[in-house]
Structure formats: C-alpha cells, structure tokens
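I am opening a notebook on this structure and will write down what I look up, entry by entry.

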Amino acid sequence: MRLVLLGAPGSGKGTQASRLREHLQVPHISTGELLRAAVKAGTPLGLQAQAVMAAGELVSDQIVLGMLEERLTAGDTGNGFILDGYPRNLAQANALDALLARLQQPVDIAVQLDVDTELLIERLAGRAQAEGRADDTPEAVRNRLNVYNQATAPVVDFYRNSGRLACVDGVGAMDAVLQRIIEVLAPTPDIG
C-alpha cells in the first residue's frame, strides 16, 4: 500500500501515520524527519539543505524530492509506504507523481483527514501550551491554517481528479479515526 496522508496541522496525521505503519507493516516517511536525519548524517543532500537553512531560506523542493527518492529506493519500501503531510502544494504533487512513476511505485490512495478549523485551533493551542510555545496564539494558528488551506486545496483536488482521494472524518477517538482510514484503504464489497 502506497499512501499519502493529508491534513491540516493538528489533524492527527502523525499519530495516525504511526498507527497505520503498525497496521500496514510499511514505513512511515516524514519529510521533516528525512531532512533532519540527512543533515545530521552529513549526506550530500543533507549538507546542501544545511547550507540553505543556515542562510535562513527554505529547503528547495528539489532537495526534498532528492531525499525522498533516496528513501523510497531503500529496501523496506517494496511493500509500500506512508507519506505524512507531503506533498504540500501542487508543484510537489506533480513532482512526486513523476518520481513515483519513474520508480514504478505510484500512489494507491491519498487520505485527507478532515477536522473543523475551530477544533484544529483548539488542538494546536493545547499542543503549544503542553510544549511551552508562546508563539502559537489562536490568531497565529488561524493564519497558519489559512495558508495551509490555500496551498493544499489544489493537492486535494489533484488526488480527487485522479480518483485517488478518500476523505475521512478526523474527529473522535484515535481508534475510531484509524478504523475509518482502514475502511477506505480496503473497502468491503457491496453485498446485495
């Protein structure tokens, strides 16, 4: 199963990706973790990323895609993978699709975790308080969510238009959300 997990910050992507990793027995790939690991290991792409970050700039899609390619060609991705929160924009979605086509590992499904904006703000504020982050005011969080929604709406449409999107209610107990995701990954045939 090759899965892209989409959802706004606070929607539960990381939590569900970890749980799905156990259920599907495939690796959970987070581009943020890839980036940190490559920098720490001093790989060629990690050194490029470190130089960009030291200059106060964002790491380019090309560098991130290169890291993804390295990770996706590792032996443990033969049975699939879970991409957590990537792609975040339409350019990344197109580049990822091209990469996966070349690797002959196309995405099977993208799952969008749907959570109401006010609940996301509440979740993020709680997470910020637990982590001692004073910069996550409700206004700042609301702005981040607006930026996310504007950038990600085309990605959701990209997967919807290709027939590879499933939207799942991301509200409720973790087990209930996980069960909803599992159901869209392996729908039961209609009996009737």
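Entry one. I began with Arg160, which at 44% relative accessibility counts as partly exposed, and I kept in mind that the model is a predicted one. The side chain of Arg160 meets that of Asp157 in a salt bridge, with 2.8 Å from N to O. I looked up where the two sit and found both in helix α7 (residues 138–161), where, being 3 residues apart, they are separated by about one helical turn. Asp157 is also partly exposed, and its relative accessible area is 34%.

Entry two. How many salt bridges does a search of the whole structure find? I noted 8 of them, and I then followed two that join separate parts of the chain. In one, Asp108 and Arg2 meet through their side chains at 3.6 Å, N to O. Asp108 lies in the loop between α5 (90–102) and β4 (109–114), while Arg2 lies in strand β1 (residues 2–6), so this pair ties together parts that are 106 residues apart in sequence. I checked the exposure of each partner: Asp108 is partly exposed at 37% relative accessible area, whereas Arg2, at 18%, counts as buried.

Entry three. The other pair I followed is Arg102 and Glu69, whose side chains form a salt bridge of 2.9 Å, N to O. Arg102 belongs to helix α5 and Glu69 to helix α4, so the pair ties together parts that are 33 residues apart in sequence. Arg102 is exposed, with a relative accessible area of 55%, and Glu69 is partly exposed, with 27%.

Entry four. I stayed with helix α4 (residues 61–72) in order to look at Val64, which lies there. Val64 counts as buried because its relative accessibility is 16%, and buried means under 20%. I also looked up the distance from Val64 to Ala49, which is 15 residues apart from it along the chain, and the C-alpha atoms of the two are separated by 8.5 Å.

Entry five. Is Lys13, in helix α1 (residues 13–24), buried or exposed? I found Lys13 buried yet without a salt bridge, the nearest side chain of opposite charge being that of Asp84, 4.8 Å away. The side chain of Lys13 does reach the backbone oxygen of Gly7, at 2.8 Å.

Entry six. Both Lys13 and Gly7 turned up again when I looked up cavities, since they are among the residues that line the largest cavity, including also Leu6, Arg88 and Tyr148. The search of the whole structure finds 1 cavity of 30 Å³ or more, and about 30 Å³ of space lies in the largest cavity. I recorded its lining by class as 3 nonpolar, 3 polar and 2 charged residues.

How values were computed
Residues numbered from 1 in each chain as written. Predicted model: local features only at pLDDT ≥ 70, side-chain atom pairs only at ≥ 80, totals over all residues. Heavy atoms only, no water. 1 Å grid on protein atoms, 1.4 Å probe; cavity = no way out; pocket = protein on both sides within 12 Å on 5 of 7 lines; lining within 4 Å. Points joined across faces, edges and corners; volume = space filled by probe spheres on them. Nonpolar A, V, L, I, M, F, W, Y, C, P; charged D, E, K, R; others polar. Buried < 20%, exposed > 50% of the residue type's maximum accessible area, 1.4 Å probe, protein only. Lys, Arg positive; Asp, Glu negative; His and termini not counted. Salt bridge = Lys/Arg side-chain N within 4 Å of Asp/Glu carboxyl O. Polar contact = N/O pair within 3.5 Å; in protein donor to acceptor, adjacent residues only side chain to side chain. Helix = DSSP H or I, 4+ residues; strand = E, 2+ residues; numbered from the N terminus.
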